[in-house]
Every structure is written in structure tokens, then in C-alpha cells.
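Thank you all for coming; please have a look at the structure I am about to put up, and keep the sequence beside it while I talk.

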Amino acid sequence: MVSGKRGWFYGWYFKCQSDTQTLAVIPAVHQAGGKRSCSIQVITEKQSWTVPMRGEVFRRRGRMISIGKNRFGWKGIRIAVHAPGLEVKGKLRFAELHPLKYNIMGPFSLAPFLECRHSIWSMRHRVNGTVSINGEAYAFGNGEGYWEGDRGRSFPEEYVWTQCSFPGGSLMLSVARIPMACFHFRGVIGVVLLHGREYRLATYLGARAARIRNGLVRVTQGGMELEAELVEGTGNPLRAPAMGNMVRTIHENAASRAKYRFRKNGRTLLDFETDRSSFEYEYKV
């Protein structure tokens with residue numbers, strides 16, 4: 001975790017899906033102006049909520065974290081949130097986690113200039129259990145799960161991020177404006193997990209963003225090409241860090257309509273449209 005008096009944050013993103021419902025939970029700890037605080041954000045396909053909490057209720061032990069009575073980690077989620085306009089309670093169990101072969105950031109995980117570092121804890125896993133949100137049950141029987149995290153000072157000024165599970169695998173792609181000294185570049189990280197095989201696209205492997213415009217992002221690397229396009233989705237507001245202070249508003253489509261295509265050496269391995277895509281498009285084009 002980032003230390004010292006400079007602003008910083010550390011957040012974890014847990015996404016759970018059934019055939020008909022989507023639930024994402026983001027527990028986070030952040031520090032700005034020398035003051036530490038926590039938050040839990042809850043996102044569904046319909047709505048989002050942010051619950052601020054005191055910094056001293058945060059605890060972490062390895063891959064398990066707690067914020068008050070709420071527990072998050074590799075075994076699952078136990079949540080009990082009571083706030084104005086929001087009552088959340090339930091327990092979810094995880095199984096068969098699929099971590100990556102190595103850190104998604106590669107050598108960039110050691111770069112001192114990065115505003116934000118990304119982690120993927122599980123590309124795909126089983127989810128079982130039920131969470132009640134204001135009396136509505138979100139039930140997962142052998143559902144799909146995904147788990148990632150971010151840490152650093154701030155979210156990139158401009159970025160696109162998308163994640164989607166599909167029969168036989170899942171994918172994640174992010175392209176961000178990365179400042180470095182007096183200039184900037186577009187950093188790429190992405191993974192397609194397909195039938196147990198991991199296809200990785202990243203700046204440190206030669207990936208580049210060939211196009212970003214109007215909700216579409218296309219990344220190429222050698223003989224591989226991954227394209228994602230947000231077709232329809234208004235996005236629910238989320239809080240994001242700026243120098244550790246959770247004052248920025250971004251928008252996430254937790255279950256939006258999107259198109260994906262993945263090609264390798266001229267062969268199409270994936271080409272589908274779905275209404276189960278998570279998408280954040282924070283580019284101005």
C-alpha cells in the first residue's frame with residue numbers, strides 16, 4: 001500500500017453476475033490531506049450507491065480485507081451496510097478462482113511515475129449466495145465472478161475500461177492516458193481468457209491503441225487484435241480518486257450492451273454482442 005502524507009488510494013472491485021442480475025461491490029481505503037477514510041460502493045444494472053466510512057474501521061490481512069463488519073476476499077463477500085437510502089445484507093461464496101500467470105502490469109509495476117497500478121486477482125470464478133439490496137434479492141447460483149484492484153494516487157485523466165464474462169472465458173481491457181515527465185502515452189493492458197488459455201495484450205509486450213473513438217477501442221499487438229465497443233448504456237455514477245481524495249465522478253455501465261471481437265493471426269476467436277458488459281468510457285472522443 002502507498003504510504004506517507006501524499007494522497008493515495010487502494011480499491012478492490014468484485015463483480016458478480018447471474019443470467020439476469022449484475023452486482024458489483026467496491027470496498028476502498030483512501031487518504032487525502034493526511035486523513036484516512038474508507039468507502040463501499042455498490043453497483044447494479046439499475047443504480048449505484050456510495051457509503052463513506054471512517055478510516056480506522058479498515059483492516060487487511062493478505063487477500064482478505066474488512067471494513068467494519070464487512071468482509072471481502074478470495075473466499076467471498078460478507079456484507080452488511082446500513083446507510084440513508086441503502087440497506088445491503090448478504091453473503092457470497094467464491095470458488096475456482098483463476099488468477100493470471102503473472103502481474104498484469106509486468107515491468108510497469110515497478111515504474112515510479114504511474115498514477116495508478118492495476119491488479120487482477122481472478123479473471124473468472126464461481127459465485128454462490130444471495131445479497132439483499134433495499135429488499136430486492138440478488139441471487140447467484142453458480143454465477144460468474146471477477147475480481148480486480150487499483151492502487152496509487154489518482155485514476156487516469158482519460159481512460160477506457162471494460163470487462164465481460166462469456167461462455168468459456170472472460171476478458172478485460174484498459175487503455176489509459178499515462179503522464180510521464182513532460183509528455184504522455186497511451187498505456188494498454190488487456191487479457192482474454194479463452195478455454196483456459198491466456199492471451200495477454202500490454203504496452204510492455206508491444207500492444208498499442210489503434211483506435212479510440214465514440215465508445216470503441218481497438219488494440220493491436222503482433223498478430224492479435226482486440227476490439228470492444230459500447231453500444232448502449234447510460235452509466236451509473238461512481239466516486240473515483242484524485243490524489244487520494246474521492247471527489248471525481250466517473251460513470252460505469254455495470255451491465256451494458258457491447259460488442260467484442262478478438263482475432264489472432266487472421267483467425268477470429270471471439271465475435272459476439274452481449275448485454276452483460278461492464279464498461280467505463282472516460283475519453284473525450
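The largest cavity in this predicted model holds about 590 Å³ of space, and by the rule used here the count comes to one cavity of 30 Å³ or more. If you would like to find the largest cavity on the screen, look for Cys116, His118, Asp150, Phe155 and Pro156, which lie nearest its centre among the 36 residues that line it. Of those lining residues, 24 are nonpolar, seven are polar and five are charged.

Let me turn to the largest pocket, where about 180 Å³ of space lies. Its lining is made of 15 residues, and those nearest the centre are Gln17, Ser18, Asp19, Glu144 and Arg276. Which strands each supply at least two residues of this lining? They are β11, covering 136-152, β12, covering 159-166, and β21, covering 267-281, and β11 gives the largest share, with four residues. In character, the lining of the largest pocket divides into four nonpolar, seven polar and four charged residues.

Finally, a word on some strand pairing. Strand β13, residues 169-180, runs antiparallel to strand β14, residues 183-194, and twelve bridges join the two; in this pair, isoleucine 178 stands opposite phenylalanine 185 of β14. Strand β14 is also joined by six bridges to β15, residues 197-202, again in an antiparallel arrangement, and here valine 192 stands opposite tyrosine 199 of β15. In the hairpin of β14 and β15 there are two residues between the strands, and histidine 195 takes a positive phi near 50°.

Terms used. Residues are numbered from 1 along each chain as its sequence is written. This is a predicted model: local features need pLDDT of at least 70, side-chain atom pairs count only at pLDDT 80 or more; totals for chains, interfaces and linings use all residues. Side-chain values use heavy atoms; hydrogens and water are left out. On a 1 Å grid over the protein atoms alone, a cavity is a set of points where a 1.4 Å probe fits but cannot get out, and a pocket is an open set with protein on both sides within 12 Å along at least five of seven lines; lining residues have an atom within 4 Å of a point. Grid points are joined across faces, edges and corners, and a volume is the space filled by probe spheres set on the points. Ala, Val, Leu, Ile, Met, Phe, Trp, Tyr, Cys and Pro count as nonpolar, Asp, Glu, Lys and Arg as charged, and the others, Gly among them, as polar. Two strands pair if DSSP finds at least two bridges between them.
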